[in-house]
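User: Please take a close look at one sheet in this structure, follow the strands through it, and then set it beside the other parts that are well described.

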Amino acid sequence: MASDPSNLQIAAAFDELADLYELDGAIVHRVMAYRAAAKAAREATVSVAALTRAGTVTSLAGIGKTLEEKIVALMETGDIPSAVKLRAKYPTGLLEMTRLPGLGPKRARRLFDELGIDSLDALRAAARGEQLRGIKGFGAKFEASVLSSIGAGIGERPAQRVLLHRALTVGEQIVAALREHPAAERVELAGSARRQADSVKDLDIIATASDPGALARALGELDLIASASAPNDNAARGRTHTGLPVDLRVVAPENFGNLLQHFTGSQAHNMALREAAVRRGLHVSEYGILDDDTGETLRCATEEAVYERLGLAYPEPELRENRGELSPDFVPPRLITVDDLRGDLHMHTTASDGRNSIEQMALAARARGYEYIAITDHSATHGFGNHVPPDELERQIERIAEVDARVDGITVLPGTETNILPDGSPDYDDELLSRLGWVIGSVHTSFGMTSAEMTQRMVAAIEHPWIDAIGHPTGRKIQSRQPYALDVDAVIAAAARTGTMLEINSAPDRRDLNDVHARAAAENGVLVLIDSDAHGADRLQHVRWGVATARRAWLTPEQVANTRGWAEFAALRKRARSAA
DNA sequence: GCCGTTTTCGGCCCGACTGTTTTCAGTCG
């Protein structure tokens with residue numbers, strides 16, 4: 001391999017091995033070990049390849065001697081021998097087959113062994129020919145289900161998840177509507193939406209009610225619900241008009257804490273929680289906590305009671321990913337909230353591709369209670385007809401100064417979002433950059449560089465004296481674009497060394513830095529910035545999504561630069577530090 | 001395959017649902 005495999009690539013290799021070993025009939029715990037190792041690699045805050053070279057990779061929980069050898073092979077040869085062997089044995093079509101509902105690795109393997117079915121096409125043909133029912137454990141209903149699933153396009157691609165902001169927009173309306181119902185008592189969102197994950201698969205809602213059946217029936221009657229299956233006395237299931245599944249469970253008040261905890265997850269958190277409980281002679285489920293000694297089940301009205309019975313500190317939902325929140329020495333951090341923000345350092349106006357004027361942005365920011373903003377339109381080489389050439393930026397500086405002088409109660413900084421060119425330099429000259437109050441550097445072109453090249457480019461930008469912060473540092477777009485190849489450790493180290501801030505961009509499809517990287521940045525002493533990247537005054541509120549990511553990164557207000565008042569923030573800018 | 005106040009082997013979370021079953025394995029969350 002030309003350069004070290006990234007943590008994401010190592011994680012992908014382990015996930016693939018988990019799938020292949022599962023098809024191969026390995027015991028479930030071995031498969032789980034590979035999946036756990038993939039999670040460990042994906043969430044490691046340092047380069048797994050670098051740890052491997054240093055001989056310390058087995059210090060990561062879930063990675064032992066065997067997996068260390070596989071990483072070494074991946075680094076030295078670009079592949080893992082056992083994966084090569086298993087790939088030759090099981091066609092990729094088999095993995096696509098296991099995406100169909102009701103068809104897992106065991107049953108897919110049986111169809112492969114007994115009928116030679118190795119693709120969705122072959123499976124459809126066999127189902128049409130009624131050949132599946134000849135295999136023990138398969139029947140006519142399964143053939144019909146296969147044809148319907150394949151007809152619906154399931155299996156051709158992994159199930160698409162919905163961006164958090166879209167899911168919450170409708171999810172919060174559904175919760176609000178259910179709370180209005182006369183039978184409703186408590187109604188709470190659970191699941192990955194409650195944990196503020198990047199994307200969600202469905203909406204889980206947990207409720208208590210004076211008349212459970214009435215509340216369950218109410219779900220399907222909401223205008224927000226396009227279709228619903230027949231509700232029973234304590235559960236209902238429906239779909240929104242965009243097809244997002246919604247599950248409502250109505251429970252007894254004395255069990256509400258158990259259910260809410262269970263359905264908030266994450267799965268990894270719950271598994272680790274139950275393992276910790278077993279070591280104390282307790283068994284946790286959605287129905288309560290069973291005590292081995294007494295044989296009694298403790299039911300919990302609140303989540304707090306669940307964690308308390310297990311002797312654990314209460315973790316906010318955003319922290320429930322089994323990333324240390326269940327450790328005995330876990331101390332709940334005071335997580336940042338939207339109300340902690342005092343400024344926004346990344347937004348656009350009509351000078352580039354924004355929809356509003358400088359003044360409109362300033363007034364909207366002031367209405368949010370901010371003390372300061374920076375106007376950061378795109379720079380000279382942005383293209384798309386939205387660039388700001390140097391002479392135009394000079395006029396923009398004048399316009400911003402005029403608004404800053406005229407509008408009371410908020411400081412408006414003249415800034416730019418300058419492109420980081422392939423060689424790492426900004427696309428305005430230093431003299432012009434020095435006249436600004438704030439500069440964000442972002443990569444918008446040449447995404448295809450190697451990791452070494454991209455890292456060198458980014459570090460050069462970080463070392464530039466007039467670049468105060470790096471915008472959307474990895475370039476990822478949730479569900480649509482992978483981050484560019486980049487050694488994030490090196491970027492964090494350079495940012496810490498130079499006093500350059502790293503942004504959590506709040507655009508709901510970016511949230512970049514992500515939770516894992518933002519946590520690593522803060523732990524290494526980098527000041528994190530939460531910006532809206534608003535292209536209109538009504539988008540300043542997008543900081544909600546950046547704050548959500550920051551909370552998932554365990555960030556406190558102290559670790560986020562723009563929670564400071566203006567005087568303090570001003571002095572933290574790299575340009576102010578250099579001058580001092 | 002990992003891991004250890006059950007330590008180097010024998011465990012490794014919990015329960016519901018489904019279709020094909022006559023007692024359950026596999027799948028799913």
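Analyst:
**The parallel sheet and its surroundings**

In this predicted model, strand S15 (residues 469-470) and strand S16 run parallel and are joined by 2 bridges. Within this pair, Ala-469 stands opposite Met-501 of S16. The two strands belong to an open sheet of 7 strands, whose order is S11-S12-S13-S14-S15-S16-S17 and whose pairing is parallel. At its edges are strand S11 (343-344) and strand S17 (528-531), each of which pairs on one side only.

How many residues of S16 are buried? The count is 5 of the 5 residues, so S16 is largely enclosed by the rest of the structure. In a regular strand, side chains alternate between the two faces of the sheet. For S16 both faces are covered, with Met-501, Glu-503 and Asn-505 buried on one side and Leu-502 and Ile-504 buried on the other. Met-501, the partner of Ala-469, is thus placed among the buried residues of the strand. Helix H22 (residues 543-552) lies across S16 (501-505) as well as across S11 and S17, and it runs at about 150° to S17.

Elsewhere in the sheet, strand S13 (residues 411-419) pairs with strand S14 (residues 438-442) in the parallel sense, over 5 bridges, and Thr-418 stands opposite Gly-441 of S14. Residues of these two strands also reach a loop residue: Thr-376, which lies in the loop between strand S12 (372-375) and helix H17 (390-406). Leaving aside neighbours within four places in sequence, Thr-376 is in contact with Gly-415, Thr-416, Glu-417 and Trp-438, and also with Leu-345, His-346, Met-347 and His-348. With Met-347 there is a polar contact as well, since a polar atom of the Thr-376 side chain lies 2.8 Å from the backbone nitrogen of Met-347. Thr-376 has a relative accessibility of 0% and therefore counts as buried.

Away from the sheet, helix H13 (residues 256-264) is another enclosed element: 9 of its 9 residues are buried, so this helix is largely enclosed by the rest of the structure. Its buried residues include Phe-256, Leu-259, Leu-260 and Phe-263, along with Asn-258, Gln-261 and His-262. Just after the helix, Gly-265 takes a positive phi of about 65°.

The remaining part to consider is the surface around DNA strand B. It is surrounded by 37 residues, and the closest of them are Gly-64, Gly-104, Gly-139, Arg-274 and His-283. By class, the surface near the strand has 18 nonpolar, 11 polar and 8 charged residues. Among the atoms of DNA strand B that lie within 4 Å of the protein, 71% belong to sugar or phosphate, and the rest to bases. Individual contacts involve both parts of the DNA: a phosphate oxygen is 2.7 Å from a polar backbone atom of Gly-62, a phosphate oxygen is 3.4 Å from an N or O atom in the side chain of Tyr-287, and a polar side-chain atom of His-29 lies 3.3 Å from a base nitrogen. The elements that give two or more residues to this surface are helices H2 (28-43), H4 (65-77), H7 (105-115), H9 (140-151) and H14 (267-278), together with strand S8 (282-285). Of these, H14 provides the largest share, with 5 residues.

How values were computed: Residues numbered from 1 in each chain as written. Chains lettered and ligands numbered in written order. Predicted model: local features only at pLDDT ≥ 70, side-chain atom pairs only at ≥ 80, totals over all residues. Heavy atoms only, no water. Near = heavy atom within 4 Å. Polar contact = N/O pair within 3.5 Å; in protein donor to acceptor, adjacent residues only side chain to side chain. Helix = DSSP H or I, 4+ residues; strand = E, 2+ residues; numbered from the N terminus. Nonpolar A, V, L, I, M, F, W, Y, C, P; charged D, E, K, R; others polar. Pairing = 2+ DSSP bridges. Contact = heavy atoms within 4.5 Å. Axes fitted to C-alpha atoms, helices over the stretch in contact; angles between N-to-C directions. Buried < 20%, exposed > 50% of the residue type's maximum accessible area, 1.4 Å probe, protein only.
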